[in-house]
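Open the model in your viewer and keep the selection tool at hand. This tour goes stop by stop.

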Amino acid sequence: MQKKFRQLQRYRAITSALVRSGFGFMVYSNSGEAAVTANSAMDWPSAGKHIRLLLEELGTTFIKLGQLASTRPDLVPQPVLKELVKLQDAVPPFPFADVSRVIEEELGAPISQLFRTFESLPIASASIGQVHRAVLADGKEVAVKIQRPQLSTLVETDLDILAGLARLADRRGNWSASYSLTEVVEELSQCLLAELDYRQEAAHLERFARAADEMNYVRIPAVYRPYSSQRVLTMEFIQGIRLSNIEQLKEQGIRTSVVAERIAGTIFQQILVDGVFHADPHPGNILVLPGEEIALLDFGMVGRLSAHTQKHFATFIIALRNRSSKGVMRAIEHLGMIPEEVDRKKLYMDVEEMRTKYYDVPLKEVRLGDMLNDLFGVAYKHGIRVPSELTMVGKSILTTEGVVAELDPDFSMLNVAEPIGRRLYLERLNPWSFLKNTFEDAPEYLQIMSELPVTMKRLTAMLNKGKMQVEVVSPQLEQLVKKLDRISNQMSFSIVLLALSLVLLGLIIGSSISGAQTILWRLPMLEIGIVISLLMFAWLLYAIFRSGRF
């Protein structure tokens, strides 16, 4: 009952915000189609700003929903997309009394016993939590992130509401299926619930710190586990210059072009080599340190790529760099994005058109994020569903590209990504790498070989008993079965009509030879039969003409 009551209260708050923002048609329309039809003539550039402000007003869940939607140019109109990218995750801080209570509940002791000093004013505040500067008992400076009180309850309520609305849209019409609303909500739930657990972020920090050991220009804050929990995260405090402060960077003699190259190289190293990457590298999450080092902060949102996706995404980057339409098509196909029913000829033509758009453009002016957005647009046009892991990659690259463009307008992300992709591609062709991969897969091959005799024996027994079953799956199977039923019924009808005609023909010939009348039980059977045959023949002609296949 408490859960239902919370949902009703939240429904009321959401409805009020929608009406105040001018989106009342979404509340009063009876279906998703009605809302879309009523709003088909909407001024999207103006609406985009209102949507952004609405999401910021509704809080954490809807801010994250907007950030996720900003990675889906295949679903969201471009004017709205530009506004969603501006979504600010900064909200007013919550009282220090709540900070003290959360820390004591999570760590089991008051602040005065855990820290030598603890600043009451936060140095940063966001929709999920806020960060305070503190000093441990041993004198180490730390940054303590504390989650907002009662946030998990509010987020779970919002997610339940969004999931219910997505299911309702699926039942009301097929428009939501093409927009994958249910999948978008599921993806949002996974990302947001993971971000609410600071223990996962601590694990991410430790993993990225190990990976950064190979790059001497990248710093990741150390985690202090005894002072961390599900809602409290204590990290090393790193002092640096914000990327947004370009003037201060130049005053300190820092070469912004070098910083831009290092940021891009770090992100592509994570995406193409490590398979785990920072999914939100905006300027607030990157600091510049002396010696042109960079520090990455806030690993609440992290993306992952499988080894298979990494390999073919690298091939995709090389194809984009070489402006090869065939290479792009091969990469897309290997990524498992092209369904069987897609018209490949038209798809290739659209990819070729996308390629020519950037053909004569100087490489330094080519934006990889824009190319990915165009690709996602082509995918949407042909009904190709882009895997969520690739949309997260697109968001990370798009954000990084915006960051480095501020540091060095002439910098090209492709110049950094292509060498890494090419190196990985050449490594796959290396015989030693092939042997190494084969050796790693050897146990699986041996297991398959050991099971082969038993499998062949079972297959032979099934063939001998005639129990081999062949299953055919087709999206149009039901429609095909209906057509076959219709054809078989028409054939049966035609055969009956032919048989009746033969019987009538025999009666006519018999009566002509014998001179007897074809009257049975005082009924003119010949005349009745002819009338029935004519009616059946007329119905058959009508069915043929109605099918349009005459």
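The stops below move from the whole chain to a helix pair, a core, a sheet and some single loop residues.

**Stop 1: the whole chain**

Show everything first. This is a predicted model. The chain has 550 residues, and buried ones make up 41% of them. Its secondary structure comes to 24 helices and 13 strands. Now think about contacts between residues at least 6 apart in sequence: 68% of them join residues at least 24 apart.

**Stop 2: helix 14 and helix 15**

Select residues 256-274, which form helix 14, and residues 307-322, which form helix 15. At what angle do the two helices pack? The angle is about 125 degrees, and the axes are 8 Å apart. Helix 14 is therefore oblique to helix 15.

Zoom in on the contact. From helix 14, pick Ile271, Leu272, Val273 and Asp274. They meet Gln310, Phe313 and Ala314 of helix 15. By type, the residues of this contact divide into five nonpolar, one polar and one charged.

**Stop 3: the largest nonpolar core**

Stay with Ile271 and show what surrounds this residue. Residues up to four places away in sequence are left out here. Ile271 then touches Phe277, Leu305, Gln310, Phe313, Val393, Ser396 and Ile397.

Widen the view to the largest nonpolar core, which holds 105 residues. Which members touch the most others? They are Ile263, Phe268, Ile271, Phe313, Leu368, Ile397 and Leu407. Helix 14 gives this core its largest share, eight residues. As a rule, nonpolar side chains in soluble globular proteins tend to be buried together.

Another core lies apart from this one and has 17 residues. To find it, select Val99, Ala109, Phe115 and Phe118, which are among its members.

**Stop 4: a four-stranded sheet**

Return to helix 14 and look at the strands beside it. Helix 14 lies across strand 5, strand 9 and strand 10. To strand 10, helix 14 runs at about 45 degrees.

These strands belong to an open sheet of four strands. The order is 5-10-9-7, and the pairing is mixed. Which strands sit at the edges? Strand 5 (218-219) and strand 7 (241-242) do, each pairing on one side only.

Now select residues 286-289, which are strand 9. Strand 9 pairs with strand 10 in the antiparallel sense, over four bridges. One pair to highlight is Val288 with its bridge partner Ile294 in strand 10.

**Stop 5: strand 4 and strand 6**

Go to strand 6, residues 232-236. Four of its five residues are buried, and the strand is mostly covered. Strand 4 runs antiparallel to strand 6, and five bridges join the two. Label Val144 and Thr234: Thr234, in strand 6, is the bridge partner of Val144.

Then find Ala222, in the loop between strand 5 and strand 6. Apart from neighbours within four places in sequence, Ala222 is in contact with Thr234, Met235 and Glu236. Ala222 counts as partly exposed because its relative accessible area is 36%. Draw a distance from Ala222 to Phe237. The two lie 15 residues apart along the chain, and their C-alpha atoms are separated by 8.6 Å.

**Stop 6: a covered helix**

Select residues 60-69, helix 5. Eight of its ten residues are buried, so helix 5 is largely enclosed by the rest of the structure. Color the buried ones: Thr60, Thr61, Phe62, Ile63, Lys64, Gly66, Gln67 and Leu68.

**Stop 7: loop residues**

Most residues other than glycine have a negative phi. Two loop residues here go the other way.

- Gln150 sits in the loop between strand 4 (141-147) and helix 9 (151-172). Its phi is positive, near 60 degrees. Gln150 counts as exposed, at 60% relative accessibility.
- Asp298 sits in the loop between strand 10 (293-296) and strand 11 (302-304). Its phi is also positive, about 60 degrees. Asp298 counts as partly exposed, at 29% relative accessibility.

End at Glu341, in the loop between helix 16 (325-334) and helix 17 (344-357). Is Glu341 buried or exposed? At 59% relative accessibility, Glu341 counts as exposed. Draw a last distance, from Glu341 to His382. They are 41 residues apart in sequence and 9.7 Å apart in space, C-alpha to C-alpha.

Conventions:
Residues are numbered from 1 along each chain as its sequence is written. This is a predicted model: local features need pLDDT of at least 70, side-chain atom pairs count only at pLDDT 80 or more; totals for chains, interfaces and linings use all residues. Side-chain values use heavy atoms; hydrogens and water are left out. Axes are lines fitted to C-alpha atoms, for helices over the stretch in contact, and angles run from 0 to 180 degrees between N-to-C directions. Angles under 35 degrees count as roughly parallel, over 145 as roughly antiparallel, 65 to 115 as roughly perpendicular and the rest as oblique. Contact means heavy atoms within 4.5 Å. Ala, Val, Leu, Ile, Met, Phe, Trp, Tyr, Cys and Pro count as nonpolar, Asp, Glu, Lys and Arg as charged, and the others, Gly among them, as polar. A nonpolar core is a set of buried Ala, Val, Leu, Ile, Met, Phe, Trp, Tyr and Cys residues joined through side-chain atoms within 4.5 Å. Buried means under 20% relative accessible area, exposed over 50%, partly exposed in between (1.4 Å probe, protein chains only). Two strands pair if DSSP finds at least two bridges between them.
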